[in-house]
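Reader: I would like a close look at a single part of this model, with the cut-offs behind each term spelled out.
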Amino acid sequence: MDVHEYTYDETTAQFGSAYMDVYDNAVLHVNQVLDAMMRVLYRDGYLANTLFIVASDHGEAFGERNSEGHARNVFPEVTEVPLVFGFPFRLAKPAVVTQRTANVDLWPTVFDLLGFRRSREPTGSRACPRSSPPCAASRARRRGDRDRTPRPDLGAAREDALPNVSVSEGGLHYVVFRNAKGEAVHEEIYDRKHDPLENRLEAEPEAAAKFRTQVDSYLASGPPWKSDAHHLEMDEMQLNQLRALGYAVPGR
């Protein structure tokens with residue numbers, strides 16, 4: 001929560017007082033905490049057998065498209081997150097995975113890297129070979145290219161939701177804001193590589209039509225979990241923590 005809350009102290013207040021500066025102060029604070037943890041692991045002899053992973057649940061906007069923070073839209077600055085594996089050994093050559101993946105792949109990928117046998121594979125997935133270092137890339141290809149997978153945003157499962165959905169395919173990123181009736185009230189298309197800030201909706205009519213069809217299919221498919229899913233009871237403190245992260249809590 002330190003980065004969420006923009007937590008820092010006197011030693012990490014190094015970047016000024018502007019909005020992005022305060023966030024950088026918090027990142028430096030977290031870096032120092034991680035550094036202290038790594039030094040303990042090294043001192044006690046655990047680091048040589050530790051797989052270190054840096055991941056995130058979402059990004060953060062700092063004024064791009066006149067937006068700040070997160071949990072308000074699904075533009076790339078919010079949906080793109082880091083995923084870094086620090087192995088306790090040196091790879092023969094650096095492995096950079098360029099295929100798009102999702103956080104749902106994180107634990108299956110870790111299990112495959114560590115050689116753990118899983119009793120139940122997620123729907124549509126297959127274990128990737130343990131001999132393949134960029135395991136996430138293999139998994140993304142085998143599960144169907146995630147570049148064609150719509151991404152939901154805020155409360156899409158609620159009956160009164162105003163769905164905000166994005167789809168990335170090839171070099172294009174499509175974002176649509178819809179009303180409670182499912183009608184598009186705002187659409188944008190960006191060229192992710194060449195001009196990630198200019199709306200190219202009018203210049204890409206065929207791509208827009210295809211993206212709309214994909215979003216229609218996604219919204220009509222319903223939630224991915226089964227009706228017999230386990231229900232977890234949460235107290236008010238836990239619910240408030242979810243709200244602080246930007247999650248909608250149905251019925252509350």
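Which residue in β6 is the bridge partner of V165?

Author: V165 has V176 as its bridge partner in β6. Before the surroundings of that pair, a word on conventions. The model is predicted, so local features need a pLDDT of at least 70 and side-chain atom pairs count only at pLDDT 80 or more, while totals for chains, interfaces and linings use all residues. Numbering starts from 1 along each chain as its sequence is written, and side-chain values use heavy atoms, with hydrogens and water left out.

The protein chain holds six helices and seven strands; these are DSSP runs numbered from the N terminus, with at least four residues (H or I) for a helix and at least two (E) for a strand. Read from the N terminus, the order of elements is α-β-β-β-α-β-α-α-β-β-β-α-α.

The strand of interest is β5. In the sheet, the order is β5-β6-β7, the three strands pair antiparallel, and the sheet is open. Pairing here requires that DSSP finds at least two bridges between two strands. β5 (164-169) and β7 (184-191) are the edge strands, and each has a single partner, so one side of each is left without a neighbour in the sheet. From one strand to the next, the twist averages 15°. Such angles run from 0 to 180 degrees between N-to-C directions, taken on axes fitted to C-alpha atoms, for helices over the stretch in contact.

The partner of β5 is β6 (residues 172-178), joined to β5 by six bridges, and the two run antiparallel. Besides the pair V165 and V176, S166 stands opposite V175 in β6. The two strands make a hairpin with two residues between them, and G170, in that turn, has a positive phi of about 60°.

Although β5 is an edge strand in the sheet, six of its six residues are buried, so the strand is largely enclosed by the rest of the structure. Buried stands for under 20% relative accessible area and exposed for over 50%, with partly exposed in between (1.4 Å probe, protein chains only). Both faces of β5 are covered: one side carries N164, S166 and S168, the other V165, V167 and E169. For comparison, 29% of the 252 residues of the protein chain count as buried.

Two residues of β5 also take part in a nonpolar core. This term refers to a set of buried Ala, Val, Leu, Ile, Met, Phe, Trp, Tyr and Cys residues joined through side-chain atoms within 4.5 Å. The largest such core has ten residues: V165 and V167, then L172, Y174 and V176, then I189, and finally A207, A208, F211 and V215. β5, β6 and α5 are the elements that give two or more residues to this core. The most come from α5, which gives four residues. In soluble globular proteins, nonpolar side chains tend to be buried together.

Helix α5 (residues 205-220) lies across β5, β6 and β7 and runs at about 55° to β6. One of its core residues, V215, touches V165 and V167, and also Y174, V176 and R178, leaving aside residues up to four places away in sequence. A contact means heavy atoms within 4.5 Å. Thus the bridge partners V165 and V176 are both touched by V215. Across the protein chain, 44% of contacts between residues at least 6 apart in sequence join residues at least 24 apart.

Some backbone and distance details elsewhere may be of use to you. The segment before α1 contains Y6, whose phi is near 55°, a positive value in a residue other than glycine. Y6 is buried, with a relative accessible area of 16%. E5 lies in the segment before α1 as well, but counts as partly exposed at 49% relative accessibility. E5 and A26 are 21 residues apart in sequence, and their C-alpha atoms are 8.2 Å apart. A71, in the loop between β3 (68-69) and α2 (76-79), is another residue that is not a glycine yet has a positive phi, of about 65°. At 23% relative accessibility, A71 counts as partly exposed.
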